[in-house]
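Here's a walk through this model for anyone who'd like to get their bearings before heading back to the bench. Have the structure open and follow along.

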Amino acid sequence: MNKAPFNDQFLRACRGEVTDHTPVWYMRQAGRYQAEYRKIRSKYSFHEMNLNPEVAAEVTRFAVEQLGVDSAILFADIMTPLPSIGVDVEIKSGIGPVIDNPIQSRSDVDRLGELDPLKDIPYVMETIKMLREQLSVPLIGFSGAPFTVASYMIEGGPSKNYYKTKAFMYTDPEGWHQLMNKLGDMTIAYLTAQVKAGAQAVQLFDSWVGALNEADYRTYIAPVMNRIFSSLKELGVPLLMFGVGASHLIQEWNKLPVDVIGIDWRITIKKAREVEGITKPLMGNLEPALLLAPWEVIEERTKEILDQGMEKPGFIFNLGHGVFPQVKVETLQRLTSFVHDYTRKNS
Ligand code: 1CP
């Protein structure tokens with residue numbers, strides 16, 4: 001296969017270097033808003049798609065080609081490694097992950113096993129290897145962060161207020177730290193295997209950690225996040241993190257040994273840099289619901305983000321959260337071209 005020359009714009013921005021244009025990719029760029037994805041998904045369960053490296057690679061690559069984005073994100077889920085440590089999880093259409101044996105006590109934590117990625121989930125690493133042969137943009141590997149993964153393990157599925165998770169944390173802090181450490185070990189093993197297989201950057205999704213305040217973040221979460229990122233640093237690839245509704249934690253994140261901070265639409269890039277004093281490269285942060293608005297509105301709001309982002313090197317354009325199934329492919333295609341053209345002219 002003839003590959004296009006490698007596009008390193010995303011990796012350059014992660015390192016805080018000057019780029020030719022602002023690189024762009026979208027969280028959940030492979031998914032239900034694409035007719036091609038829906039067609040494949042009608043033949044396989046989500047798990048079967050993951051198990052089959054050809055299918056997982058196809059879905060990953062297709063999103064890159066269809067949208068013209070500057071990086072690929074591995075097609076898998078933050079729940080992918082969980083069955084290997086003893087958690088039965090099923091991805092239910094229209095709901096998300098559902099777990100039949102949620103964690104309820106310290107003894108449930110004690111029973112969790114260890115992940116051996118190459119033995120337990122070799123198909124993920126095979127997908128990565130296959131993609132590296134095929135892609136001309138960087139491949140981002142990823143994992144769920146301990147709090148977010150624990151929230152599904154304890155609640156048994158998606159949640160609005162995480163009260164069972166918080167009750168566990170406040171009632172049995174020692175058991176909580178054990179759980180965080182086990183999930184920390186899992187994350188380190190998983191992401192290390194992904195990088196060794198060829199992932200060129202890794203992102204930790206801590207989607208729901210914004211449910212905690214700063215003091216609780218420092219006590220219950222920061223230690224494991226520090227350990228994870230310190231350990232991954234040795235791999236030499238950019239480390240990214242992201243959370244929803246977590247602007248109040250941004251200074252805590254800036255202290256972690258992470259390279260890029262992904263933010264949602266509740267804070268501007270300008271405020272993150274100038275008021276919060278964030279020095280690391282930033283990624284974000286178009287409100288995903290805007291993708292359902294008329295193009296003129298999308299363009300105006302995107303310009304605002306880009307004008308702020310371009311003020312210094314080290315900016316990656318993304319949404320503030322994942323693409324909704326209702327979004328039109330054409331809207332994302334137009335947005336990608338717009339970001340590229342606008343930032344090429346104005347940089
Ligand atoms: O292009 C991509 O981004 C595809 C890879 C990907 C990623 C990075 C998927 C596929 N899931 C994820 C991460 C993920 N999964 C997160 C972190 C990012 C975020 O906040 O969106 C979370 C919280 C999950 C859990 C999850 N898995 C949900 C959310 C449920 C909730 O609590 O609201 C859902 C709906 C899933 C299933 C899932 N994962 C991925 C896809 C394409 C789907 C839909 C599956 C289907 O076709 O039914």
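## A hairpin to start with

This is a predicted model, and a good place to begin is the hairpin of β2 and β3, where three residues sit between the strands and Gly-94 takes a positive phi near 80 degrees. The two strands, β2 (residues 89-92) and β3 (residues 96-99), run antiparallel and are joined by four bridges. If you want a pair to click on, try Val-89, which stands opposite Ile-99 in β3.

## The whole chain

Zooming out, the chain has 15 helices and nine strands. Its C-alpha trace spans about 60 × 45 × 40 Å along the principal axes. How does the radius of gyration of the chain sit with that of a compact globule? For 347 residues, a compact globule would come out near 20 Å, and the chain has 19 Å, so the two agree.

As for what's inside, 47% of the 347 residues count as buried. Take the contacts in the chain with a separation of 6 or more: 73% of them are between residues 24 or more positions apart.

## The sheet

Which strands make up the open sheet, and in what order? Seven strands do, running β1-β4-β5-β6-β7-β8-β9, and the pairing is parallel. At the edges you'll find β1 (72-73) and β9 (315-319), each of which pairs on one side only. As a general reminder, strands of a sheet pair through backbone hydrogen bonds, either parallel or antiparallel.

Within this sheet, have a look at β7 (residues 260-262) and β8 (residues 282-286): they run parallel, with two bridges joining them. Ile-261 stands opposite Leu-282 in β8. That strand β8 is also home to Asn-285, and the peptide bond leading into Asn-285 from Gly-284 is cis, with omega near -10 degrees.

## Backbone oddities

Most residues other than glycine have a negative phi, and most peptide bonds are trans. Beyond the cis bond between Gly-284 and Asn-285, a couple of phi values go against that habit. Arg-28 has a phi near 60 degrees, positive even though the residue isn't glycine. Tyr-162 has a positive phi too, about 55 degrees, and isn't a glycine either.

Are these two residues buried or exposed, or something in between? Arg-28 sits in the loop between α1 and α2 and is partly exposed, because 17 other C-beta atoms lie within 10 Å and the buried class starts at 20. Tyr-162 lies in the loop between α8 (146-155) and α9 (163-171). With 20 other C-beta atoms within 10 Å, Tyr-162 just meets that cut-off and so counts as buried.

## The annotated binding site

An unreviewed UniProt entry lists Arg-28, Gln-29, Ala-30, Gly-31, Arg-32, Asp-77, Tyr-152, Ser-207 and His-321 under "binding site". Gln-29 is found in the loop between α1 (9-14) and α2 (35-43), and Arg-32 is also in the loop between α1 and α2.

Gln-29 is buried, because it has 27 C-beta neighbours inside 10 Å. Setting aside residues up to four places away in sequence, Gln-29 touches Ala-63, Leu-67, Val-69, Ile-73 and Val-323. Arg-32, on the other hand, has 16 other C-beta atoms within 10 Å, so it is partly exposed. With residues up to four places away left out, the contacts of Arg-32 are Tyr-37, Arg-38 and Pro-325.

## Around the ligand

How many residues surround the ligand, and which are the closest? There are 23, the closest being Ala-30, Gly-96, Pro-158, Phe-205 and Ser-207. Sorted by class, that shell holds 12 nonpolar, seven polar and four charged residues. Ala-30 and Ser-207 are also among the positions in the UniProt "binding site" list.

## One more loop: Asp-206

Asp-206 is found in the loop between β5 (201-205) and α11 (214-233). It counts as buried because it has 26 C-beta neighbours inside 10 Å. Apart from its neighbours within four places in sequence, Asp-206 is in contact with Ala-145, Phe-147, Thr-148, Met-241, Phe-242 and Gly-243. For Gly-243, the C-alpha to C-alpha distance to Asp-206 is 4.9 Å, although 37 residues separate them in sequence.

Methods:
Residues numbered from 1 in each chain as written. Predicted model: local features only at pLDDT ≥ 70, side-chain atom pairs only at ≥ 80, totals over all residues. UniProt positions renumbered as here; feature names shortened; annotations may be inferred. Buried ≥ 20, exposed ≤ 12 C-beta atoms within 10 Å, placed from the backbone. Contact = placed C-beta atoms within 7 Å. Near = placed C-beta within 6 Å. Nonpolar A, V, L, I, M, F, W, Y, C, P; charged D, E, K, R; others polar. Rg over C-alpha atoms; globule rule 2.2 N^0.38 Å. Pairing = 2+ DSSP bridges.
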